[in-house]
Amino acid sequence: MSHKILLLAGDGIGPEIVGAATGVLDALRTRFGLDAEVENALMGGCAVDATGDPLPEATLALARASDAILLGAVGGPKWDAIERDRRPERGLLRLRSGLDLFCNLRPAMLYPALAAASTLRPEVVEGLDLMIIRELTGDIYFGKPRGIETNAQGERFGYNTMIYTEREIRRIAHSAFRAALLRGRKVCSVDKANVLEATEFWREIVTDVAREYPDVTLTHMYVDNAAMQLVRAPKQFDVMVTGNIFGDILSDLASMLTGSIGMLPSASLNADNKGMFEPIHGSAPDIAGRDVANPLATILSLAMMLRYSLGEAAQAERVEQAVSRVLADGYRTADIHAPGTQLVGTREMGSKVVAALGG
Ligand code: IPM
Ligand code: MG
């Protein structure tokens with residue numbers, strides 16, 4: 001059966017990096033028999049400009065009808081000042097929640113060829129292979145009530161609600177333990193149970209789910225300590241599972257352990273493994289349109305799509321190996337460029353990966 005893939009290029013460098021990934025996808029179809037139909041739609045600032053809505057109905061309908069979505073990046077200064085509900089980020093959040101993409105996988109692994117790109121000493125990060133599993137459709141991101149209001153004394157205030165239901169915690173905990181079984185069999189659950197009831201409850205439920213996974217070792221860590229440990233000794237971690245807001249912050253931190261945020265893919269899955277795949281970096285408006293952005297995180301997101309949503313593990317492997325080969329051959333975009341390596345642009349990096357696929 002043919003896979004239905006939806007491309008949402010988005011804003012800033014989005015069209016360039018998704019363009020490079022599309023080249024890889026086309027090569028898989030023509031050279032390696034991948035059976036896929038591809039459609040494009042508008043999301044983010046480009047959708048605001050065209051329709052007034054960052055997530056137009058037509059895009060949401062196409063997203064629901066597809067097996068998997070590849071997203072470039074959304075947002076930029078052009079849309080920062082418009083009202084909150086029409087900001088590009090809102091489109092992304094509505095898509096995550098509309099498709100119930102609660103399970104966000106954010107791997108942080110270090111390519112041997114890039115060990116020197118990290119700001120940490122090579123011995124601290126060499127061999128790093130960490131998976132952050134971030135709950136993506138709950139927490140203070142979506143909790144109600146929320147708002148900016150004025151109290152009886154005439155003083156303005158802003159507020160949000162951190163809330164997790166048992167069902168939400170159970171399902172993400174299961175995702176984490178199942179992922180750990182395929183890796184190093186360790187889960188570290190991150191919370192702030194010493195202060196916040198919502199995460200005290202989180203700890204209780206994760207501990208309960210752990211009973212079903214006797215082969216996995218569960219530990220707990222407060223989020224402040226986790227931030228410190230990630231920089232001090234990141235290799236102690238295998239799978240980290242945490243809520244939406246802590247996961248947002250810790251995954252940015254973890255991405256920098258590897259030296260380039262331009263290298264890291266992510267997957268956001270629902271209960272049926274349907275998913276949206278996107279690089280974890282943003283739309284980088286400052287370098288948009290200049291053919292300098294690193295397309296590898298998007299190409300690796302395509303690989304995650306093949307593996308997690310489309311059941312095409314062999315094709316995924318092919319893409320990942322091509323990326324490793326290109327790095328080993330010394331090709332680098334500006335963000336990971338170092339003396340002795342060869343500087344290439346977005347398009348050329350894409351073609352190098354296509355060439356390295358073989359066939
Ligand atoms: C991310 C981003 C988003 C988030 C923004 C763009 C809404 O930072 O995917 O990590 O906070 O989830
Ligand atoms: Mg973030």
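## Loop residues and backbone geometry

Pro145 lies in the loop that runs between strand S5 (129–135) and strand S6 (147–150). In this predicted model, the peptide bond that joins Lys144 to Pro145 is cis, and its omega is about 5°. As general background, most peptide bonds are trans, and most residues other than glycine have a negative phi.

Two residues carry a positive phi. Arg185, which is not a glycine, has a phi of about 60°, and its place is in the loop between helix H6 (166–181) and strand S8 (186–191). Its relative accessible area is 37%, so Arg185 is classed as partly exposed. Ala284, likewise a residue other than glycine, has a positive phi near 40°, and this residue is found in the loop that separates strand S12 (275–279) from helix H10 (296–308). Because its relative accessibility is 23%, Ala284 counts as partly exposed.

## The surroundings of ligand 1

Which residues surround ligand 1? The shell is made up of Glu89, Arg96, Arg106, Arg134, Tyr141 and Asp248. When these residues are sorted by character, the shell contains one nonpolar residue, no polar residue and five charged residues. In the classification used here Tyr counts as nonpolar, whereas Asp, Glu and Arg count as charged, and that is why Tyr141 supplies the nonpolar entry although a polar atom of its side chain also approaches the ligand.

Contacts between polar side-chain atoms and oxygen atoms of the ligand can be given for three members of the shell. For Arg106, a polar side-chain atom lies 2.8 Å from an oxygen atom of ligand 1, and for Arg134 a polar side-chain atom is likewise placed 2.8 Å from an oxygen atom of ligand 1. For Tyr141, the distance from a polar side-chain atom to an oxygen atom of ligand 1 is 2.5 Å. On its own, ligand 1 has 320 Å² of accessible area, and the protein covers 74% of it. As for its location, ligand 1 sits in the second largest pocket.

## Buried positions

Is Thr333 buried or exposed? With a relative accessibility of 0%, which falls under the 20% cut-off, Thr333 counts as buried. This residue is placed in the loop between strand S13 (331–332) and strand S14 (342–343), and its side chain is joined to the side chain of Asp335 by a polar contact of 2.6 Å.

Leu130, found in strand S5, also has a relative accessibility of 0% and therefore counts as buried. Glu168 belongs to helix H6, and because its relative accessible area is 13%, this residue is buried as well.

## Separations along the chain and in space

For two of these buried residues, a distance to a position further along the chain is available. Glu168 and Ile205 are 37 residues apart along the chain, and their C-alpha atoms are separated by 9.9 Å. Leu130 and Thr217 are 87 residues apart along the chain, and the separation between their C-alpha atoms is 15 Å.

Technical notes
Residues numbered from 1 in each chain as written. Chains lettered and ligands numbered in written order. Predicted model: local features only at pLDDT ≥ 70, side-chain atom pairs only at ≥ 80, totals over all residues. Heavy atoms only, no water. Near = heavy atom within 4 Å. Polar contact = N/O pair within 3.5 Å; in protein donor to acceptor, adjacent residues only side chain to side chain. Areas by Shrake-Rupley, 256 points an atom, 1.4 Å probe, with all protein chains shown as cover. 1 Å grid on protein atoms, 1.4 Å probe; cavity = no way out; pocket = protein on both sides within 12 Å on 5 of 7 lines; lining within 4 Å. Sits in = over half its atoms within 2 Å of the grid points. Helix = DSSP H or I, 4+ residues; strand = E, 2+ residues; numbered from the N terminus. Buried < 20%, exposed > 50% of the residue type's maximum accessible area, 1.4 Å probe, protein only.
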